[in-house]
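I opened this notebook to keep track of what I looked up, one topic at a time. The entries follow the order in which I went through the model.

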Amino acid sequence: MNYYEVALLSRAVGILTYEFGDEIPIGQKVVVGLRGAHLVDGVILAKVEKPSYQTSKIVEIAEEVFSKFSIDISKFIANYYCCSLGQALSLFMPSKKSKEASRDFEIIIDDTITLSQSHLG
């Protein structure tokens, strides 16, 4: 079993320790249980030794990964603005796509230049 320090995104709580069977890279976004049944997003900060207390399991590995820079600047933000690391890290999460943003579009600049969503990514 592997043990990890996890910062809970958008939560004003400290860093908590969770367990998982496989290796998880630093910066990986995960889903963990909080107080039994409530699932929340978190970020792996460090792999640690087995603690002396019982830990909960990481429920799911998400696709997103936070860069080392995002984690480092979040530590600065948390310290400077007296907030939790999870609150600071949540600033680096991309916002969810709105229905409006997912529509196809085309921009015609003149008769020779046409940009579409596929050109812009």
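**Entry 1: what I call buried.** Before looking at any strand I fixed the term: a residue is buried when its relative accessible area is under 20%, exposed when that area is over 50%, and partly exposed in between. I also note that this is a predicted model.

**Entry 2: strand β3.** With that cut-off I turned to β3, residues 28–34, and found that 7 of its 7 residues are buried. I then looked at the two faces separately, and both are covered: Q28, V30, V32 and L34 are buried on one side, while K29, V31 and G33 are buried on the other.

**Entry 3: the chain as a whole.** I stepped back to the full chain, where I counted 3 helices and 7 strands, which follow one another along the sequence in the pattern β-β-β-β-β-α-α-β-β-α. Of the 121 residues of the chain, 33% count as buried. I also looked up how far apart in sequence the contacting residues are, and among contacts with a separation of 6 or more, 54% join residues 24 or more positions apart.

**Entry 4: the barrel.** In what order do the strands of the closed barrel run? I traced 5 strands in the order β1-β2-β5-β3-β4, and their pairing is mixed. From one strand to the next, the twist averages 55°.

I checked the pairings individually. Strand β2, residues 16–20, runs parallel to strand β5, residues 56–65, and 2 bridges join them; here E19 stands opposite K57 in β5. Strand β3 pairs with β5 in the antiparallel sense over 4 bridges, and in this pairing V30 of β3 faces I61 in β5. Strand β3 also pairs with β4, again antiparallel, over 6 bridges, and there K29 has V43 as its bridge partner in β4.

**Entry 5: the nonpolar cores.** Which residues make up the largest nonpolar core? I listed 11 residues in all, namely Y4, V6, L8, Y18, I24, V30, V32, L34, V40, I44 and I58. The elements that give two or more residues to this core are β1 (2–8), β3 and β4. There is also a second, separate core of 8 residues, and it includes A7, F66, I71 and L85. I kept a general remark beside this entry: in soluble globular proteins, nonpolar side chains tend to be buried together.

I followed I44 from the largest core in more detail. Leaving aside neighbours within four places in sequence, I44 is in contact with Y4, E5, V6, I24, P25, I26, G27, Q28, V30, I58 and I71.

**Entry 6: K47, also in β4.** K47 lies in strand β4, and I asked whether this residue is buried, exposed or partly exposed. K47 counts as partly exposed because its relative accessibility is 43%, which falls between the cut-offs of 20% and 50%. Apart from neighbours within four places in sequence, K47 is in contact with N2, Y3, Y4, E23 and I26. I26 is 21 residues away from K47 along the chain, and the C-alpha atoms of the two are separated by 7.8 Å.

**Entry 7: helix α1.** Helix α1, residues 68–80, has 13 residues and reaches 18 Å from its first C-alpha to its last, close to the 18 Å expected at 1.5 Å a residue. Its buried residues are S70, I71, S74, I77 and A78. Seen down the axis of α1, these buried residues fall within an arc of 120°, so they line one face of the helix. What covers them includes β4 (38–48) and α2 (85–89). On the other side of α1, I found K68, F69, N79 and Y80 exposed.

**Entry 8: two positive phi values.** Most residues other than glycine have a negative phi, so I looked up two residues that depart from this. S10, found in the loop between β1 and β2, has a positive phi of about 60° although it is not a glycine. Its relative accessibility is 52%, so S10 counts as exposed. C82 comes just after α1, in the loop between α1 and α2, and its phi is near 50°, again a positive value in a residue other than glycine. C82 is exposed, with a relative accessible area of 71%.

How values were computed. Residues are numbered from 1 along each chain as its sequence is written. This is a predicted model: local features need pLDDT of at least 70, side-chain atom pairs count only at pLDDT 80 or more; totals for chains, interfaces and linings use all residues. Side-chain values use heavy atoms; hydrogens and water are left out. The expected span of a helix is 1.5 Å times one less than its number of residues. Buried means under 20% relative accessible area, exposed over 50%, partly exposed in between (1.4 Å probe, protein chains only). The arc is that of the directions from the helix axis to the C-beta atoms. Contact means heavy atoms within 4.5 Å. Two strands pair if DSSP finds at least two bridges between them. Axes are lines fitted to C-alpha atoms, for helices over the stretch in contact, and angles run from 0 to 180 degrees between N-to-C directions. A nonpolar core is a set of buried Ala, Val, Leu, Ile, Met, Phe, Trp, Tyr and Cys residues joined through side-chain atoms within 4.5 Å.
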